[in-house]
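I opened the notebook to look up how this chain is put together. One helix gets a closer look, then the cores.

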Amino acid sequence: MKILNNLNTKISRYRKNNKKLSKQQQNRNNNNISNNGDSLVNSKKSPPTQPQAKRMQIISDSDHYLSYFSSRNDVPANNEYYLEKPPKFLQKAIKDNFMYEGHFHEAMGKILLTAQCFAMMPVRGITMPHPKYLSFSWTHVRTIFCLVFIICSTVDSVIAVYKVLNGPITFNNIEPMIFRIAVLIVCISALYLARKWPELMLQWYNLECQLPPYSSQKDKRSMADKLRMVFFVGMMLSLAEHLLSVTQAIYYAARCGVTSDPVKNFLLIASDHLFYIFPYSYLLGWYGKLLNIMSTFIWNYMDVFVMLMSIGLTCLFKQINDNLEKFKNKQMPAVFWAERRVQYRNVCILCEKVDNAISMITMMSFSNNLYFICVQLLKSRNNMPSAVSMVYFYFSLIFLFLRSLAVSLYSADVYDESRKPLRVLRSVPKESWCLEAKRFASDISSDLVALSGMKFFHLTRKLVLSVAGTIVTYELVLIQFYEPTNLWNCESLLQNLEHQKQLAGSK
């Protein structure tokens with residue numbers, strides 16, 4: 001870098017000293033130029049003076065340096081003299097750390113880093129400034145951690161299924177099994193998505209560079225602020241729900257009190273499916289609780305992840321729509337509409353690729369929400385044993401309703417934003433209406449640009465009413481065969497304790 005700075009100073013110094021050539025040298029140049037000004041008359045040029053030769057040599061050397069740095073892949077195209085280096089893990093905060101370029105990759109970096117703590121999305125380079133640093137490796141520690149959790153979750157799901165098959169089949173018994181199987185499917189789908197994530201984010205980044213630029217730093221950081229706000233609110237509410245669940249389990253264990261050890265009573269409730277096969281141990285009990293905490297985060301994260309991807313795609317369409325609004329009711333040439341149509345088609349292609357990558361997660365999100373809403377509505381007919389149980393139950397029910405509604409509305413915004421350019425095209429003056437504008441309007445009218453659940457349904461606002469009608473129909477059928485019971489019955493805990501004594505006796 002010092003060499004480049006010295007070269008720049010020398011070049012600028014010699015350019016200042018040689019701005020005005022001597023009159024004799026100007027006459028020589030004028031004589032060498034033909035009267036038409038198109039070609040040179042004399043092929044032989046006068047030899048340059050010593051200062052001029054030195055100046056030409058310095059400029060030539062600088063051109064070599066510039067061509068060398070421009071040919072390197074690790075140097076940004078917007079600054080030839082800056083050699084990009086990966087940021088340090090711990091470094092002093094500067095103003096550039098709080099500046100955004102409006103890219104989806106930089107907005108999702110810290111969110112994905114949090115998900116990796118719970119064995120999700122094992123991708124390297126998520127906090128780097130450019131998606132070209134993203135990579136996936138089966139031998140990396142993040143991927144190994146994810147695979148270990150998938151194996152543990154698979155064993156946990158098999159044990160839950162075994163317990164259901166060897167006991168009475170009720171809503172309370174099936175619910176943990178459905179929960180664990182859903183978490184396992186989401187983890188496998190996230191691992192499949194992690195393999196495609198580097199290529200997907202690189203294409204997303206290149207598309208963002210082709211769209212109309214943002215007008216201010218506020219517009220650039222609006223998407224990042226929205227993504228982090230949705231992630232923070234969703235995770236904090238899920239944490240509050242889990243803490244209420246733990247509080248209810250502690251209250252239930254203290255109320256029944258089948259043993260003198262309160263920790264043992266709590267672990268018998270938290271990991272009851274594990275102790276259905278294995279004898280009781282503190283280590284196995286806390287292992288089951290840790291697995292439950294990670295599974296709860298993943299179960300809530302799949303809804304939040306669908307919302308975040310929907311917000312990112314919505315912002316791409318909004319970026320095009322905001323630019324089109326500036327030229328509403330104005331006469332624009334055909335080249336303008338052709339360029340905007342190409343940008344719109346590229347966003348549609350990216351939306352289809354994203355849908356193919358996350359469709360399984362979307363499917364599991366909506367199917368789980370539908371099932372657990374029906375189950376929770378049925379449980380609302382039961383008698384609440386305590387105020388703690390009532391607070392937890394209704395908080396969980398309201399949170400489930402709001403989370404399902406938020407996923408539906410954020411996902412439906414992708415479809416709504418993809419239709420908005422029609423309002424601009426319908427106001428195009430008659431004088432500027434052309435074939436490109438007609439093709440643009442035809443593409444918007446004929447295409448269905450929306451996320452889907454394995455292509456079985458598309459996420460639009462009409463889906464919200466359809467899901468609501470389905471829930472009402474299922475509830476009317478299930479209520480006829482459901483008998484209210486006590487949510488927390490100490491007899492089940494006593495049965496687990498007796499089963500543990502039988503296991504210990506057999507050993």
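What should the 12 residues of helix 13 (residues 435–446) span at 1.5 Å a residue, and how far apart are its end C-alpha atoms? I took 1.5 Å times one less than the number of residues. The expected span is 16 Å, and the end C-alpha atoms are 16 Å apart, which agrees.

The model is predicted: local features need pLDDT of at least 70, side-chain atom pairs count only at pLDDT 80 or more, and totals for chains, interfaces and linings use all residues. Numbering runs from 1 along each chain as its sequence is written, and side-chain values use heavy atoms, with hydrogens and water left out.

Next I checked burial in helix 13. E436, A437, F440, A441, D443 and I444 are buried (under 20% relative accessible area, 1.4 Å probe, protein chains only). They cover an arc of only 160° around the axis (directions from the axis to the C-beta atoms), which puts them on the same side of helix 13. On the other side, L435, K438 and S446 are exposed (over 50%). Cover for the buried residues includes helix 9 (282–325) and helix 10 (334–379).

Then I looked up the nonpolar cores (buried Ala, Val, Leu, Ile, Met, Phe, Trp, Tyr and Cys joined through side-chain atoms within 4.5 Å). The largest has 91 residues. Helix 9 gives the most to this core, with 20 residues. A second, separate core of 12 residues includes C256 and F275.

Last, I noted the whole chain. It has 15 helices and zero strands (DSSP runs; helices are H or I, at least four residues, and strands E, at least two). Buried residues make up 41% of the 507 residues.

Terms used: Contact = heavy atoms within 4.5 Å.
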